[in-house]
Structures are given as structure tokens and as C-alpha cells.
Amino acid sequence: MYDLHTHSVASDGTDTPTELAEQAAELGLTGFALCDHDILDGITEARNAGERLGVRVIAGIELSAKYAGVDIHVLGYGINPTPELDKVLAGLRRGRLDRIPRMIQQMDELGVPLTLKEVMAQVSGGSVGRPHVADALVAKGIVAHRDEAFARWLAAGRPAYVPKPTVDLVQGIDLLHQAGAAVVIAHPRIRGAAKVLTDEVLADLVTEHGLDGIEAGHPMHDAATRAQLYALAELLGVIATGSSDCHGTGKIGHELGSVTTPDGVTGELLRIISARGGAV
Ligand code: AMP
Ligand code: ZN
Ligand code: FE
Ligand code: FE
């Protein structure tokens, strides 16, 4: 089995890439994909650890995109970075960093004291996000865990929410394809995505833009939603994946290996990557 969606300290996970590989080996997984938000920095370490431990590591990313005004996450597998992709990712990361002072300002107006230094003390990698703001609030004893910080202030629609820059969904898919990647829409039926990523829209992404797969299995999809997405993927003739979206201790209910993709399905994914010139 593979866990095809995990995060490390390169973005907002709490484990190093090496720790993820060690845990994957302990769980007896065949492999996992490291899919940090808008960054590839953890891949080399993950691959080295995977090689040592006999765990296959797929070079992935979770790209921040937007469709119909809604944040959509796009998984790219088997990335061979292009200068264009590197440039776009650098811009997304810059925008992630630039929004932090605005979030701190909003928190200040709400009477919650927080400094940039306190937030940056929680960041170990190059891709900063709301979870690091949440971690700083946990460190100060203001909230008990990330979930509480999101529920009170940081989630979309809450008072300290600041949107981050994104790429257009179709441009993002094209960009990842150009980097040799197989492209899968992450958790299409959570939050706002569920409203805009209808069956028709997913079908259009497959037929018009070559989308390669749908993340059907995800901790935030209930059993009925998963069944429906597995059936839709089959109907559309694309891959259906299942993954935990593990963030280490940063996300409750997303334990590594808790949702998986069979080796045979991952083999299909690897064949798509090979055919496109990606990294397998
Ligand atoms: P950002 O990329 O900065 O917009 O932050 C989004 C990240 O926050 C995603 O990785 C989500 O997994 C994470 N996230 C969203 N809601 C929550 C929550 N309630 N608790 C913990 N993490 C969350
Ligand atoms: Zn995350
Ligand atoms: Fe996501
Ligand atoms: Fe994720």
C-alpha cells in the first residue's frame, strides 16, 4: 500500500521527511508521496531515507490553485521541476510569507498579541502557512491545538483569515503536466471545493485538460462521498487514489497510512509519470 499525500516540515507537517520514511517503513507501506504545499525542498531527503529503508518515495507537491473563486489543492506526482514551475512556486511561497504580517495585524485588532518572530519560530521549512500561526498561538498557551486556532480565527470566513495567492486551476494542471507529473485533484469534496467541483466540472477537467486522477479516499470524505468518487473515477477512466493527508501531529485524524492506495493503482500512476517524462 501507498500513502499518496503527506506533508513534512518543509511546509506545515510536523515530521521531517526522514521521520515520515521511517514511519512508513514501520507501518510496512510500500511507499509514500511527499506532497508539501508549494515546495519541493523535502524530496531529496525523503528519497534518501526511502532508499535506505526500502520505502519507495514519489516526488510530489500540493499546489495552491483556485477555481471559481475557491481554493483547490492539486497534487502533482513525479515532478521533474521546470524553470517555469520553480518560478511559480517561488511566487506562491513569497505570497504565503507576505500575508503573515496581515494576519498578525488582524489578530492584534482582535486583541490577541502575536509577533512575526513568534510565528517564524514555528517555521522550519520554506513554505509558511496558517498552521504556523496556529502553532505560535499554541506555544503561547492561547489555544490548545491547531484546530482551535482555525475554528476561532484562521479558517476561511473567520476574523483573521487572509487569502493567499494561488494559480488558476487549469494553468496549475498544465504547469504540472509540463513538469512530467501525473495530476490528481486533492480532496475534491471538502469545504468550498465540494460546492464548485461538481461531477460535471471534474469530468471536464479530465476530458479537456487531461486530469489524471481524483483523490477519492481522504479522512474528510465520508463513506458515501468516497464511494461516489471511486465510481466517478472509474466512469471517467482515471485513477482513484486514497491518502491520509498526514501532517504529523498537526492534524488530528490524518495519521500516516490511515487511508491508502493499492500498489496496483500506484503502478498505473507511475506508468503515467514515466510516459510523461516525470521522475519515477
Ligand atoms: P494555508 O496553506 O496557509 O492557507 O493553510 C492551509 C493549511 O491549513 C492546510 O494544509 C490545511 O491542512 C490546514 N488546515 C486547515 N484547517 C485546519 C484545521 N482546522 N486544523 C489544522 N489544520 C488545518
Ligand atoms: Zn497542510
Ligand atoms: Fe490540501
Ligand atoms: Fe495536504
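In the predicted model, L92 is buried, with a relative accessible area of 4%. This leucine is found in helix α3, which spans residues 83–109. Apart from its neighbours within four places in sequence, L92 is in contact with D38, L63, S64, P165, T166 and V167. A further spatial relation concerns S127, which lies 35 residues from L92 along the chain; the C-alpha atoms of L92 and S127 are separated by 8.8 Å. The assignment of L92 as buried follows from its value of 4%, because the class is defined by a relative accessible area under 20%.

The metal ions were examined next. The zinc ion (ligand 2) has its protein donors in D12, H37 and H247. D12 appears twice in the donor list, each time through OD, whereas H37 and H247 each donate through NE2. These donor atoms lie 2.0 to 2.6 Å from the zinc ion. Along the sequence, the donor residues of this ion are spaced D-x24-H-x209-H. The two histidines link distant parts of the chain, being 210 residues apart. H37 is located in the loop between β2 (31–34) and α2 (43–53), and H247 in the loop between β8 (239–242) and α11 (263–276). Both side chains belong to buried residues: the relative accessible area is 8% for H37 and 4% for H247.

Two iron ions can be placed relative to this zinc ion. The iron ion (ligand 3) is 5.8 Å from the zinc ion (ligand 2), and the iron ion (ligand 4) is 4.5 Å from the zinc ion (ligand 2).

The iron ion (ligand 4) is coordinated by H5 and H7 through NE2, by E62 through OE and by D245 through OD. The corresponding distances are 2.0 to 2.3 Å. In sequence, these donors follow the spacing H-x1-H-x54-E-x182-D. The angles among the 4 donor atoms run from 76 to 163°, and the site of the iron ion (ligand 4) is irregular. The lower end of this range, 76°, is incompatible with a tetrahedral assignment, because that class requires all angles to lie between 85 and 135 degrees. For reference, the ideal angle for four tetrahedral donors is 109.5 degrees.

Two of the donors of this iron ion, H5 and E62, are placed in strands. H5 lies in strand β1 (residues 2–6) and E62 in strand β3 (residues 56–67), so the pair ties together parts that are 57 residues apart in sequence. H5 is buried, its relative accessible area being 0%. E62 likewise counts as buried, at 1% relative accessibility.

Charged side chains were then considered. Side chains of opposite charge can pair when their charged atoms come close. The structure holds 10 salt bridges, among them those of E118 with K140, E148 with R152 and D199 with R189.

In the first of the pairs described here, the side chains of E118 and K140 meet with an N to O distance of 3.2 Å. E118 lies in helix α4 (residues 116–120) and K140 in the loop between α5 (130–139) and α6 (146–154), so this salt bridge ties together parts that are 22 residues apart in sequence. E118 is partly exposed at 27% relative accessibility, and K140 is partly exposed with a relative accessible area of 35%.

The salt bridge between E148 and R152 has its closest N and O atoms 3.1 Å apart. Both residues belong to helix α6; being 4 residues apart, they are separated by about one helical turn. E148 is partly exposed, with a relative accessible area of 23%, and R152 is partly exposed, with a value of 38%.

D199 and R189 form a salt bridge with an N to O distance of 2.8 Å. This pair links distant parts of the chain, 10 residues apart. D199 is in helix α9 (residues 199–209), whereas R189 is in the loop between β6 (182–185) and α8 (193–196). D199 counts as partly exposed at 26% relative accessibility, but R189 counts as buried at 16%.

On the surface, L97, L116 and M120 make a nonpolar patch of about 210 Å². M120 lies in helix α4 and is partly exposed, with a relative accessible area of 31%.

Definitions and conventions: Residues are numbered from 1 along each chain as its sequence is written. Chains are lettered from A and ligands numbered from 1 in the order in which they are written. This is a predicted model: local features need pLDDT of at least 70, side-chain atom pairs count only at pLDDT 80 or more; totals for chains, interfaces and linings use all residues. Side-chain values use heavy atoms; hydrogens and water are left out. Donors are N, O and S atoms within 2.8 Å of the metal (3.2 Å for Na, K and Ca); water is not among the atoms, so sites may look incomplete. Buried means under 20% relative accessible area, exposed over 50%, partly exposed in between (1.4 Å probe, protein chains only). Four donors count as tetrahedral if all angles lie between 85 and 135 degrees; four count as square planar and six as octahedral if opposite donors are over 155 degrees apart and all others between 65 and 115; anything else is irregular. Contact means heavy atoms within 4.5 Å. A salt bridge is a side-chain nitrogen of Lys or Arg within 4 Å of a carboxyl oxygen of Asp or Glu. Patches are made of residues with over 30% relative accessible area and no salt bridge: like charges are joined within 9 Å, nonpolar side chains (Val, Leu, Ile, Met, Phe, Trp, Tyr) within 5 Å. Accessible areas come from the Shrake-Rupley method with a 1.4 Å probe; for residues, only the protein chains shown count as cover.
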